[in-house]
There are 2 protein chains.
Amino acid sequence: MRIGDLSARTGVSQRSLRYYENQGLLSTTRSPGGQRHYDEADVPRVQEIRAFLAAGLPTRVIAGLLNGLAVCRAAPDADEALHSWETLSRERSRITSVIDELVTARHALDELLAVNHAFLKEHPTAR
Amino acid sequence: MRIGDLSARTGVSQRSLRYYENQGLLSTTRSPGGQRHYDEADVPRVQEIRAFLAAGLPTRVIAGLLNGLAVCRAAPDADEALHSWETLSRERSRITSVIDELVTARHALDELLAVNHAFLKEHPTAR
DNA sequence: CTAAAACTTGACATGCATGTCAGGGACAAG
DNA sequence: CTTGTCCCTGACATGCATGTCAAGTTTTAG
C-alpha cells in the first residue's frame, strides 16, 4: 500500500503521514525508487495515533508510548521497564482528566441546547 | 477581584485571561486607573472556558457558544436561533466523538500497562 | 509621601500540527 | 518509449494558545 492509499483509507493527509513517520510514530519500507510502502497493520495504527492526538498528547509522547511496548519486550531492562510504567501511568491519568473535562464541556453544551430548544419550541416560526 | 487573584484561583495565566477577554470570552469592569476587575462568577466561567478549550474548540467557537445563549434571548431571531442550534449540535457530536477516541486511547494504554505489569512481576528485580 | 508590588499595553517568540507550493523522480498503462 | 499519475524532499506559511520581555502606570502598605 502506498501513501495515497493509506491516506484515502484513514482520511489523514499525506503530509501528516510523512510527518508522523518523521516523528517516529510510523515506520515504512521503501521501494527501490524510494517510495513508501505500508501494510495493513498501519491502518489501525494511524487511527490509534489520531486518537492519541485527539487526546492532546504531543507526538513526542505518543512515540514514547508506542515504542514503550517494544522496548519493554525487546530489552527487558528492569529500570527501563519501571520508567516506562511510570510514564504510561502518568499519561493514563492525564487522559482520564481530559476525558473528565470533556464531559464537563459536553454538559455545558447540553444546557445551552436545552435553553435553545425551549426557545425554538416557543417560536415555532423558526421552522 | 483583580487579575492576579483570578489567575491564582483558576490556575490560568494572566496572559491567557487577557487573551480570553480579547477574544470575547470574558468581560471585565475597569477601575478608574484601568485595571481589570472580575467577580465571583468569572471563576466558574474561566473553568468552563478551559473545559471547552480542552475539548479542542477554538476560542471563536467558544465565544459563539457562550454568547449564543444571550443572543438567543436578546434578539430572538428565528434564523439565528436555528443556526445556533445547529452549531451547538455539531459541536456536541464532535466532543462526543473525541471522548470516544480518548476512551479507545486509554484502552490501548491499559493494554500496554498490563503487559508492562506482567513483565515487572516476572522480573521482581525491577523492585 | 514613597517604595514595592501588581497591573497595563504592545511586541516579539515559541511549539505543534498542518497546509501548500515547487522542482524533480518513479512507475504503470498505452 | 512516452505520458499521465503518483510520489519524493525541502522550504515557507498558517492558526492557535501561550510564554516572555519591556517600559510605563496604578495601587497598596509602611
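# Notebook: salt bridges, tyrosines and DNA

**Entry 1: a glutamate and its partner**

I began with B:Glu21, which is buried at 19% relative accessible area. Buried stands for under 20% relative accessible area, exposed for over 50%, and partly exposed for what falls in between (1.4 Å probe, protein chains only). I am looking at a predicted model, where local features need pLDDT of at least 70 and side-chain atom pairs count only at pLDDT 80 or more, while totals for chains, interfaces and linings use all residues. Residues are numbered from 1 along each chain as its sequence is written, chains are lettered from A and ligands numbered from 1 in the order in which they are written, and side-chain values use heavy atoms, leaving out hydrogens and water.

Which residue forms a salt bridge with B:Glu21? I found B:Arg30, with the closest N and O atoms 3.5 Å apart. A salt bridge here means a side-chain nitrogen of Lys or Arg within 4 Å of a carboxyl oxygen of Asp or Glu. B:Arg30 is partly exposed, at 43% relative accessibility.

I then turned to chain A, where salt bridges with shared partners link A:Glu21, A:Arg30 and A:Arg36 into one network. Within it, I looked up the salt bridge between A:Arg30 and A:Glu21, at 3.4 Å from N to O. A:Glu21 is buried at 19% relative accessibility, whereas A:Arg30 is partly exposed at 43%.

**Entry 2: a bridge between chains**

How many salt bridges does the structure hold over all chains? I noted eight. One that caught my eye pairs B:Arg92 with A:Asp110, 2.6 Å from N to O. This pair joins two chains, because B:Arg92 lies in helix H5 (residues 78-122) of chain B and A:Asp110 in helix H5 (residues 78-122) of chain A. Helices (H or I, at least four residues) and strands (E, at least two) are DSSP runs numbered from the N terminus. I also checked accessibility: B:Arg92 is partly exposed at 27%, and A:Asp110 is partly exposed at 27%.

**Entry 3: tyrosine rings**

I searched for aromatic pairs and found two over all chains. One is A:Tyr19 with A:Tyr20, a tilted pair with 6.3 Å from centre to centre and 55 degrees between the planes. For the label, rings of Phe, Tyr and Trp (its six-membered ring) pair if their centres lie within 6.5 Å; planes under 30 degrees apart are stacked, over 60 edge-to-face, and the rest tilted. A:Tyr19 is partly exposed at 37% relative accessibility, but A:Tyr20 is buried at 3%.

In chain B, the ring centres of B:Tyr19 and B:Tyr20 are 6.3 Å apart and the planes stand at 55 degrees, so this pair is tilted. B:Tyr19 is partly exposed at 36%, and B:Tyr20 is buried at 3%.

**Entry 4: DNA strand D**

Which residues are closest to DNA strand D? I read off A:Arg18, A:Arg36, B:Ser13, B:Tyr19 and B:Thr59, among 23 residues that surround the strand. Of the atoms of DNA strand D within 4 Å of the protein, 79% belong to sugar and phosphate. I call a residue near a strand or molecule if one of its heavy atoms lies within 4 Å of it.

I also looked up distances from side-chain N or O atoms to phosphate oxygens of DNA strand D: 3.3 Å for A:Arg30 and 2.6 Å for A:Arg36. A polar side-chain atom of B:Ser13 is 2.7 Å from a phosphate oxygen of this strand. H2(B) contributes the most to the surface near DNA strand D, with four residues. By class, I noted six nonpolar, ten polar and seven charged residues in this surface. Ala, Val, Leu, Ile, Met, Phe, Trp, Tyr, Cys and Pro count as nonpolar, Asp, Glu, Lys and Arg as charged, and the others, Gly among them, as polar.

**Entry 5: DNA strand C**

Around DNA strand C I found 22 residues, with A:Ser13, A:Tyr19, A:Thr59, B:Arg18 and B:Arg36 coming nearest. Here sugar and phosphate make up 74% of the strand's atoms within 4 Å of the protein.

Back to my tyrosines: an N or O atom in the side chain of A:Tyr19 is 2.7 Å from a phosphate oxygen of DNA strand C, and a polar side-chain atom of A:Tyr20 lies 3.0 Å from a phosphate oxygen of this strand. For B:Arg18, the distance from a side-chain N or O atom to a phosphate oxygen is 2.8 Å. H2(A) gives the largest share of the surface near DNA strand C, four residues. That surface divides into six nonpolar, ten polar and six charged residues.

Conventions. Polar contact = N/O pair within 3.5 Å; in protein donor to acceptor, adjacent residues only side chain to side chain.
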